[in-house]
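Trainee: Could you take me through a close look at the disulfide in this model, and then set it in the context of the rest of the chain?

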Amino acid sequence: MKLLFGTLLLLSLPLMRTDVGADNIPINKIQIIGSHNSYKKAIDPGLFKLMLAKDPKSYRIDYEHIPLEDQLNMGLRNTEIDIYADSKGGKYAHPKGMEYAPNQPAFDEKGEMNEPGFKVFHIIEYDYRSHCPTFKDCLTQLKNWSEAHPGHNPVFITLEAKDDPESKAANVPETFTPALFDELDNNLLKYPGKNIC
């Protein structure tokens with residue numbers, strides 16, 4: 001279904017199957033606590049100050065989360081991940097926000113943003129810091145946590161495939177096509193693996 005910020009996929013994938021025994025609770029009777037933009041790191045303070053001066057409503061995105069594994073260790077059981085397609089690699093490797101505010105910490109020291117594949121961050125030019133900059137990273141972190149905690153309760157993953165252009169961004173996101181959704185499905189099978197999902 002098309003939404004203002006992209007295509008929204010709701011996945012409820014248990015990272016490890018557990019036997020619910022006699023309870024056999026239906027999925028629509030489960031309540032869980034989770035986080036929105038679960039991967040998100042804080043915007044650099046210098047850049048955020050410029051953003052706030054330009055648009056006072058920017059205060060809405062002045063937050064951050066601890067890494068995914070730490071959230072799961074605290075008991076959260078829902079993660080929300082924004083995904084941008086990057087078929088050729090490098091599309092999001094040089095966000096304009098890095099130019100606007102000097103003296104920021106390095107961005108993408110490992111060069112992951114130059115590799116083809118799905119990327120994970122909030123807003124293209126400004127809110128680009130992530131605990132798992134690639135979708136592969138996020139899925140690998142979730143898998144590693146799951147394997148380290150056998151028998152855990154299901155973890156729900158909400159994915160938002162983002163492809164709507166931001167009004168003032170020079171870098172327009174790649175449009176999600178049926179082929180890209182197929183590739184997204186392949187990532188879900190490849191990185192966590194069929195035995196986990």
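Mentor: In this predicted model, Cys132 and Cys138 form a disulfide in which the two sulfur atoms lie 2.0 Å apart. That separation falls within the 2.5 Å cut-off that defines such a pair, and a search of the whole structure finds one disulfide. In chemical terms, a disulfide is a covalent bond between the sulfur atoms of two cysteines. The torsion about the S-S bond of Cys132 and Cys138 is about 75 degrees, and the disulfide is therefore right-handed. As for solvent exposure, Cys132 has a relative accessible area of 0% and is therefore buried, and Cys138, with a relative accessibility of 0%, likewise counts as buried.

From the disulfide we can turn to Tyr126, which is placed in the loop between helix H3 (97-100) and helix H4 (135-148). With a relative accessible area of 25%, Tyr126 is partly exposed, because the partly exposed class begins where the buried one, under 20%, ends. If neighbours within four places in sequence are set aside, Tyr126 is in contact with Ile43, Leu47, Met51, Lys54 and Tyr100. The C-alpha atom of Tyr126 is also 8.1 Å from that of Met98, although 28 residues separate the two along the chain.

Another part to consider is a nonpolar surface patch of about 350 Å², made by Ile25, Ile27, Ile30 and Ile32. Of these residues, Ile25 can be placed in the loop between strand E2 (6-11) and helix H1 (45-54), and its relative accessible area of 48% makes Ile25 partly exposed.

These parts belong to a protein whose secondary structure comes to five helices and four strands, arranged from the N terminus on in the order β-β-α-α-β-α-α-β-α. Of the 197 residues in the protein, 44% are buried, a class to which both Cys132 and Cys138 belong. Among contacts in the protein with a separation of 6 or more, 77% are between residues 24 or more positions apart. Finally, the protein exposes about 11,200 Å², and carbon and sulfur atoms supply 55% of that area.

Note on methods:
Residues numbered from 1 in each chain as written. Predicted model: local features only at pLDDT ≥ 70, side-chain atom pairs only at ≥ 80, totals over all residues. Heavy atoms only, no water. Buried < 20%, exposed > 50% of the residue type's maximum accessible area, 1.4 Å probe, protein only. Helix = DSSP H or I, 4+ residues; strand = E, 2+ residues; numbered from the N terminus. Contact = heavy atoms within 4.5 Å. Patch = residues over 30% accessible without salt bridge, like charges linked within 9 Å, V, L, I, M, F, W, Y side chains within 5 Å. Areas by Shrake-Rupley, 256 points an atom, 1.4 Å probe, with all protein chains shown as cover. Salt bridge = Lys/Arg side-chain N within 4 Å of Asp/Glu carboxyl O.
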